[in-house]
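Please look over the sequence and the model shown below before reading on. The paragraphs after it lead through the chain step by step, from its broad division to single residues.

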Amino acid sequence: MTTRIGIAGIAGRMGRLLAEEVPTAGASVAGGTLRSGTAPAGIQVLPDFGALCGASEVVIDFTHAGNARTHAATAAETGTPLVLGSSGLSLEDEAAVAEAAKRVAIVYAANFAPGVNLFLAIAERMAAALPPEQYDAEIVEMHHRQKVDAPSGTAIALGRAVAAGRGTTLEAAGIESGRDGHCGARGTGTIGFAALRGGQVVGEHTLVFAAGSEHISLTHKSFDRRVYATGAVRAALWLKGRAPGLYGMKDVLGM
Ligand SMILES: NC(=O)C1=CN([C@@H]2O[C@H](COP(=O)(O)OP(=O)(O)OC[C@H]3O[C@@H](n4cnc5c(N)ncnc54)[C@H](OP(=O)(O)O)[C@@H]3O)[C@@H](O)[C@H]2O)C=CC1
Ligand SMILES: O=C(O)C1=N[C@H](C(=O)O)C[C@H](O)C1
């Protein structure tokens with residue numbers, strides 16, 4: 001029996017790619033939801049997320065942060081494991097997702113590309129080795145002109161990895177985002193963010209550690225968003241039959 005995977009936001013950039021990648025992975029598309037646009041040919045459109053959960057063994061949601069709370073709660077109510085890829089969630093949204101994950105298995109990841117998840121692990125190790133009093137951590141990301149949230153979820157995940165490597169949290173370290181005008185000198189130990197938007201850039205992230213006499217930087221570039229879709233389908237297949245809990249892509253990848 002192939003795994004029946006439901007796709008929220010089937011008409012979106014990610015939704016359409018997911019509809020291609022699910023059958024490639026040997027699973028079947030149980031149906032999709034949409035808010036505007038049209039579904040790819042042959043895919044059943046369900047009236048709402050609850051109906052999608054009812055028709056699916058696992059659901060993948062790359063829609064919008066604004067849906068995360070209700071979709072996670074519905075997944076928990078219906079007992080349908082959820083792969084959540086939307087970015088731009090608030091801390092409150094994330095807490096609600098974690099609450100739902102007490103009742104159903106959820107994979108929530110800022111980025112489903114394997115290389116990015118390795119990058120996150122390396123970032124934490126770099127930060128642990130480079131003293132914050134000497135090495136300023138700055139994160140620069142660039143995405144396509146249609147992206148609606150900033151900094152990207154991946155940039156925030158990188159910031160969290162740096163903070164974890166330094167034995168603190170992003171909030172406690174201090175965020176410097178979108179500097180403009182007379183913003184004052186950089187705070188020691190803070191983590192800086194800059195977001196660029198333009199064209200059709202799929203996703204680029206650079207982490208810089210800048211000290212007085214040296215810089216070290218690491219960059220990841222995605223050239224095709226299919227890398228996110230294959231990762232999300234892999235997560236969906238891994239999730240089927242899992243115990244309730246909040247999982248990340250590093251669990252799926254066994255990192
Ligand atoms: N974690 C990861 O690896 C990745 C995460 N993302 C994230 O995934 C999300 C989607 O990205 P992308 O595909 O580029 O965006 P798109 O805007 O192309 O697609 C989102 C789709 O979801 C639809 N939608 C929104 N709300 C609902 C709803 N309640 N029910 C049904 N459909 C809905 C939108 O409809 P409408 O057009 O009417 O708004 C749109 O068609 C973003 O948050 C993005 O940052 C993207 C790539 C990788
Ligand atoms: O919106 C996108 O496109 C992407 N969003 C994710 C993010 O916010 O980090 C992942 C990837 O960078 C593409």
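In its unreviewed entry, UniProt lists residues 115-253 under the name "domain: Dihydrodipicolinate reductase C-terminal". The model shown here is a predicted one, and in it the span 115-253 is 37% helix and 27% strand, while its end C-alpha atoms lie 11 Å apart. A second annotation in the unreviewed UniProt entry, "domain: Dihydrodipicolinate reductase N-terminal", covers residues 4-112. Over residues 4-112 the chain is 37% helix and 19% strand, with 20 Å between the end C-alpha atoms.

The domain assignment divides the protein chain in its own way, into domain 1, made of 4-112 + 225-253, and domain 2, made of 114-222. Taken over C-alpha atoms, the centres of domain 1 and domain 2 are separated by 27 Å. Where the two touch, domain 1 gives 11 residues to the contact and domain 2 gives 11 residues. On the side of domain 1 that touches domain 2, the elements that give two or more residues are helix H8 (226-239) and helix H9 (249-253), and H9 gives the most, with three residues. Sorted by class, that side of domain 1 has five nonpolar, four polar and two charged residues.

From this contact we can turn to the interior. The largest nonpolar core has 73 residues, of which Leu18, Ile60, Val83, Ile106, Val107, Ala232 and Ala235 touch the most other members. Helix H8 supplies the largest share of this core, eight residues. Because domain 1 (4-112 + 225-253) and domain 2 (114-222) both give residues to this core, the core lies between them. Ala235 gives a closer view of such packing: leaving aside its neighbours within four places in sequence, Ala235 is in contact with Val83, Val107, Phe112, Met249 and Val252.

Tyr247, which lies in strand S11 (residues 245-247), offers another view of the interior. Tyr247 counts as buried because it has 20 C-beta neighbours inside 10 Å. Although Tyr247 and Val107 are 140 residues apart in sequence, their C-alpha atoms are 4.6 Å apart in space. Beyond the neighbours within four places in sequence, Tyr247 is in contact with Ala105, Ile106, Val107 and Val252.

Which residues of helix H3 (residues 68-78) are buried? They are Ala68, His71, Ala72, Thr74, Ala75 and Ala76. An α-helix has 3.6 residues a turn, so residues three or four places apart point the same way. The cover over the buried residues of H3 includes strand S1 (4-8), helix H2 (49-55), strand S3 (58-61), strand S4 (82-84), helix H4 (91-100) and strand S5 (105-108). Just after H3, Gly79 takes a positive phi of about 70°.

The model also holds ligands. Around ligand 1 there are 27 residues, and the closest of them are Gly9, Gly12, Arg13, Met14 and Ser36. Helix H1 (residues 13-24) gives the most to this shell, with three residues. By class, the shell around ligand 1 divides into nine nonpolar, 15 polar and three charged residues.

Where does ligand 2 lie with respect to domain 1 and domain 2? Domain 1 (4-112 + 225-253) and domain 2 (114-222) both give residues to the shell around ligand 2, so this ligand lies between them. The residues around ligand 2 are Ser87, Ala110, Asn111, His143, Lys147, Ser152, Gly153, Thr154 and Gly203. This shell has one nonpolar, seven polar and one charged residues.

A last stop is the loop between strand S6 (136-143) and helix H6 (153-165), where Asp149 is found. Asp149 is partly exposed, because 15 other C-beta atoms lie within 10 Å. Asp149 and Gly88 are 61 residues apart in sequence, yet 5.6 Å apart in space from C-alpha to C-alpha. Not counting residues up to four places away in sequence, Asp149 touches Ala65, Ser87 and Gly88. Pro151 lies in the loop between S6 and H6 as well, and the peptide bond that leads from Ala150 to Pro151 is cis, with omega near -10°. Most residues other than glycine have a negative phi, and most peptide bonds are trans.

Notes. Residues numbered from 1 in each chain as written. Chains lettered and ligands numbered in written order. Predicted model: local features only at pLDDT ≥ 70, side-chain atom pairs only at ≥ 80, totals over all residues. Near = placed C-beta within 6 Å. Helix = DSSP H or I, 4+ residues; strand = E, 2+ residues; numbered from the N terminus. Nonpolar A, V, L, I, M, F, W, Y, C, P; charged D, E, K, R; others polar. Domains from an automatic or database assignment. Contact = placed C-beta atoms within 7 Å. Core = buried A, V, L, I, M, F, W, Y, C linked by C-beta atoms within 7 Å. Buried ≥ 20, exposed ≤ 12 C-beta atoms within 10 Å, placed from the backbone. UniProt positions renumbered as here; feature names shortened; annotations may be inferred.
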